[in-house]
Amino acid sequence: RGAERAYARLIEDFRPALALDHLSGFGHDLFAGRGIPIVSVLHNVHAHFDAPRLARFARHDAGIAHYISVSRKATLYAADRLGVAPARITTIPNGLDIAEYERRAAAARPAARAALGIAPDDYVFLNVAAYNLHKGHHLMAASMRRVLARRRDIRIVCVGNTVRPPHIAALRERLAREGLDAHMLLPGYTERVEDLFAMADAFLLPSFIEGWSIAMNEAMFFGKPMILTDTGGAADVIEDEDTGILLPNEYGPVTALDCASLDRLAYDTEDFAIADDLARAMERFADNRAHWAAAGARGADKLRRRYDLRDVVRRYEAVLRRVAA
């Protein structure tokens with residue numbers, strides 16, 4: 001109660017030079033009344049906005065001095081579908097705190113494959129993403145069905161937190177019904193993803209929508225080759241198959257995506273045009289392990305050169321100082 005009055009008192013006490021916002025809108029009038037500019041961060045390709053959220057974004061847009069977007073795809077979508085002038089957007093990719101991940105890697109204890117029913121020689125793809133079907137879980141299932149028609153030495157381990165229980169219950173039922181549940185595993189949430197990266201051979205993220213995936217950065221840090229769909233920052237980190245395989249999207253250009261089509265792909269579709277492409281990519285990895293392990297090593301080097309969080313923070317600081325001035 002009285003949140004706006006309390007917020008106004010904080011603003012008077014601290015007298016900020018600038019406000020950094022993530023699509024909140026709360027307090028915008030308080031900042032505007034004091035001449036305090038607002039920078040808003042676009043953390044995603046916001047195709048998940050329904051009509052009320054699009055209207056809300058448009059109302060708040062007039063009070064935003066500048067945007068920071070986490071990927072070129074997110075910038076393109078904001079300009080084309082949300083009506084933000086490109087000159088008002090600076091694109092800065094997400095980075096990774098390398099020192100923190102060095103500590104995590106040093107403390108990693110590789111997850112036991114046997115505990116998951118995985119054979120020592122199986123090729124294991126790790127998917128680190130919320131159990132949110134926008135991440136392409138039904139696409140993975142469709143591709144695994146194709147793989148199992150030819151071989152049984154490939155597994156997918158999906159770890160994450162459940163977003164909507166009925167959706168995941170339906171996915172689990174599908175996996176059991178189609179005999180996929182021993183090869184596409186959903187063990188749930190874990191804080192220690194480093195243990196699973198130490199166990200896995202590669203990283204898989206066939207999302208329909210991303211901004212810039214931190215899990216992708218984690219995979220690069222741990223030296224895992226990647227199979228990604230062309231959303232978020234995927235095309236920036238996989239260049240001519242140097243660090244993995246970049247797959248086309250089911251829907252084509254990112255600007256073709258909207259809330260209805262996104263939900264239809266995620267919740268109402270069980271087979272996909274690109275399922276064959278994904279199945280073949282997974283088999284390429286399993287058949288050429290040394291080649292793709294070297295690609296993973298290149299990814300680790302690229303992360304350190306391009307996506308160190310310290311460098312990302314400096315780029316944010318430059319934008320914030322410029323807007324505040």
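**Two parallel sheets and their helix packing**

R15 is exposed in the predicted model, with a relative accessible area of 62%. The residue belongs to the loop that links α1 (3–14) to β1 (19–21). Its phi is near 45°, a positive value in a residue other than glycine. A second residue of this kind is D240, where phi is near 55°, again positive and again not in a glycine. D240 is found in the loop between α10 (234–237) and β10 (244–247). With a relative accessible area of 82%, D240 is exposed. Most residues other than glycine have a negative phi.

The strand β1, which follows the loop of R15, belongs to an open sheet of four strands in the order β1-β2-β3-β4, with parallel pairing. Its edge strands are β1 and β4 (89–91), each of which pairs on one side only. From one strand to the next, the twist averages 25°. Strand β3 (residues 66–69) runs parallel to β4 and is joined to that strand by three bridges. Within this pair, T90 of β4 stands opposite I68. Helix α4 (residues 72–81) packs on the sheet and touches β2 (38–42), β3 and β4; the direction of α4 makes about 160° with that of β4. Helix α14 (residues 309–324) lies across β1, β2, β3 and β4, and runs at about 175° to β3.

The strand β10, which follows the loop of D240, is part of an open sheet of six strands, ordered β7-β6-β5-β8-β9-β10 and paired in the parallel sense. Since β7 and β10 each have a single partner strand, they stand at the edges of the sheet, so one side of each is left without a neighbour there. Neighbouring strands of the six-stranded sheet are turned against each other by 25° on average, direction ignored.

At the β10 edge, strand β9 (residues 226–229) and β10 form a parallel pair over four bridges. L228 has L246 of β10 as its bridge partner. Helix α9 packs on this sheet with contacts to β5, β8 and β9, and its direction makes about 160° with that of β9.

At the β7 edge, strand β6 (residues 154–159) pairs with β7 in the parallel sense over three bridges. The bridge partner of V159 in β7 is G188. Although β7 (residues 184–188) is an edge strand, the strand is mostly covered, with four of its five residues buried. Together with helix α7 (residues 165–177), β6 and β7 make a right-handed β-α-β unit. Helix α7 includes A170, which counts as partly exposed at 42% relative accessibility. The C-alpha atom of A170 is separated by 9.6 Å from that of Y267, a residue 97 places away along the chain.

Helix α6 lies across β5 (123–128), β6, β7 and β8 (202–205), and runs at about 165° to β6. Two packed helices are described by the angle between their axes and the distance between the axes. Helix α6 (residues 137–148) packs against helix α12 (residues 275–287) at an angle of about 65°, with the axes 8 Å apart. The crossing of α6 and α12 is right-handed. On the α6 side the contact is made by L139, M140, A142, S143, M144, R146 and V147, and on the α12 side by A275, D276, L278, A279, M282 and E283. By class, these residues are nine nonpolar, one polar and three charged. S143, located in α6, has a relative accessible area of 0% and is therefore buried. Apart from neighbours within four places in sequence, S143 is in contact with A275, L278, A279 and M282.

A further helix pair involves α9, the helix that packs on β5, β8 and β9. The axes of α9 (residues 214–221) and helix α13 (residues 289–306) come within 7 Å and cross at roughly 115°. The contact consists of N217, M220 and F221 from α9, together with G296, G299, A300, K302, L303 and R304 from α13. Four of these residues are nonpolar, three polar and two charged.

Notes
Residues numbered from 1 in each chain as written. Predicted model: local features only at pLDDT ≥ 70, side-chain atom pairs only at ≥ 80, totals over all residues. Heavy atoms only, no water. Buried < 20%, exposed > 50% of the residue type's maximum accessible area, 1.4 Å probe, protein only. Helix = DSSP H or I, 4+ residues; strand = E, 2+ residues; numbered from the N terminus. Pairing = 2+ DSSP bridges. Right-handed = clockwise from strand over helix to strand, strands pointing away. Axes fitted to C-alpha atoms, helices over the stretch in contact; angles between N-to-C directions. Left-handed = near helix turned anticlockwise from the far one by under 90°. Contact = heavy atoms within 4.5 Å. Nonpolar A, V, L, I, M, F, W, Y, C, P; charged D, E, K, R; others polar.
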